[in-house]
Amino acid sequence: MKGKQIGLFCCTVAMAAVLLAGCGTTDDGAKASKPGDGAQTAVADLGKSKDGTYTAESSADDKLGKTDVAITVRNHKITGVVVKGIDRDGKIKDETYGKNLGEDRYKRAQTAYRSMKMYGDDLVKTQSVDAVDAVAGATVSHTQFVEAARKALVDAQK
């Protein structure tokens, strides 16, 4: 009986070790990621950038409009990001965006609106466009943010 208990204990410890290994970090302290999951730990290379604010806009979606970004770089780091959603009629998206579309669509529109600030904050925090995760229900906003942010960061390196 005691042999079975020891065997069961050893199996439990081995399983826990295998499960926890996937939650660790790499030797350099970067977050571990699964191959193909899209996670990146690369930081924007701003070594050649000049201090300033760089602006860019995404391509427009016929129904949802476009996204404008302004990225401020100081001492080769992203220090500020302003993200503005522009609807298809050219109006800046705000707390009233989608209100005239019914309750369900208004909620979805507001999820997208609120996500824009989160994307900017995440970029300042992570210093990597690739590390900014999409918010569920705001994937078009995320795609547009990434596109515009990449354009602005390319300009920062010229």
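How many helices and strands does the secondary structure of the protein chain comprise? In this predicted model, the chain contains 3 helices and 3 strands. Read from the N terminus, the elements follow the order α-β-β-β-α-α. The protein chain has 158 residues, of which 30% are buried. Its accessible surface amounts to about 10600 Å², and carbon and sulfur atoms contribute 56% of that area. Among contacts in the chain with a separation of 6 or more, 49% link residues that lie 24 or more positions apart.

The 3 strands are arranged as an open sheet in the order β1-β2-β3, with antiparallel pairing. Strands β1 and β3 form the edges, each pairing on one side only. From one strand to the next, the twist averages 15 degrees. In general, the strands of a sheet are paired through backbone hydrogen bonds, in either a parallel or an antiparallel sense.

The pairing of β1 (residues 52-57) with β2 (residues 66-74) is antiparallel and extends over 6 bridges. Three residues of β1 illustrate the register: Thr53 has Thr72 of β2 as its bridge partner, Thr55 is matched with Ala70, and Ala56 is matched with Val69. The pairing between β2 and β3 (residues 77-86) is likewise antiparallel and involves 9 bridges. Here Ile71 is bridged to Val81 of β3, and Arg74 to Lys77. Strands β2 and β3 constitute a hairpin with 2 residues between them. In the turn of this hairpin, Asn75 adopts a positive phi of about 50 degrees.

The side chains of a regular strand alternate between the two faces of the sheet. Strand β1 shows such alternation. Gly52, Tyr54 and Ala56 are directed to one face and are buried, whereas Thr53, Thr55 and Glu57 are directed to the other face and are not buried. Two of the bridged positions can be placed in this pattern: Ala56, the partner of Val69, belongs to the buried set, while Thr55, the partner of Ala70, belongs to the set that is not buried.

Two of the helices are placed against the sheet. Helix α2 lies across β2 and β3 and runs at about 165 degrees to β3. Helix α3 also packs on the sheet, where it touches β1, β2 and β3; the direction of α3 makes about 40 degrees with that of β2.

Helices α2 (residues 103-126) and α3 (residues 139-156) also pack against each other, at an angle of about 40 degrees and with their axes 10 Å apart. The two helices are therefore oblique to one another. The crossing of α2 past α3 is right-handed. On the α2 side, the residues that meet α3 are Ala112, Ser115, Tyr119, Gly120 and Leu123. Their counterparts in α3 are Ser141, His142, Phe145 and Ala149.

One of the α2 residues in this interface, Ser115, was examined individually. Ser115 has a relative accessibility of 1% and therefore counts as buried, since the cut-off for burial is under 20%. Apart from residues up to four places away in sequence, Ser115 touches Val135, Ala138 and Ser141. Of these, Ser141 is part of α3.

A second serine, Ser49, is located in the loop that runs between α1 (2-21) and β1. Is Ser49 buried or exposed? With 6% relative accessibility, Ser49 counts as buried. When neighbours within four places in sequence are set aside, the contacts of Ser49 are with Val73, His76, Ala156 and Gln157. Val73 falls within the residue range of β2, and Ala156 within that of α3. The C-alpha atom of Ser49 is separated by 8.7 Å from that of Arg74, although the two residues are 25 residues apart along the chain. Arg74 is also the residue of β2 that is bridged to Lys77 in β3.

Key: Residues numbered from 1 in each chain as written. Predicted model: local features only at pLDDT ≥ 70, side-chain atom pairs only at ≥ 80, totals over all residues. Heavy atoms only, no water. Helix = DSSP H or I, 4+ residues; strand = E, 2+ residues; numbered from the N terminus. Buried < 20%, exposed > 50% of the residue type's maximum accessible area, 1.4 Å probe, protein only. Contact = heavy atoms within 4.5 Å. Areas by Shrake-Rupley, 256 points an atom, 1.4 Å probe, with all protein chains shown as cover. Pairing = 2+ DSSP bridges. Axes fitted to C-alpha atoms, helices over the stretch in contact; angles between N-to-C directions. Parallel < 35°, antiparallel > 145°, perpendicular 65-115°, else oblique. Left-handed = near helix turned anticlockwise from the far one by under 90°.
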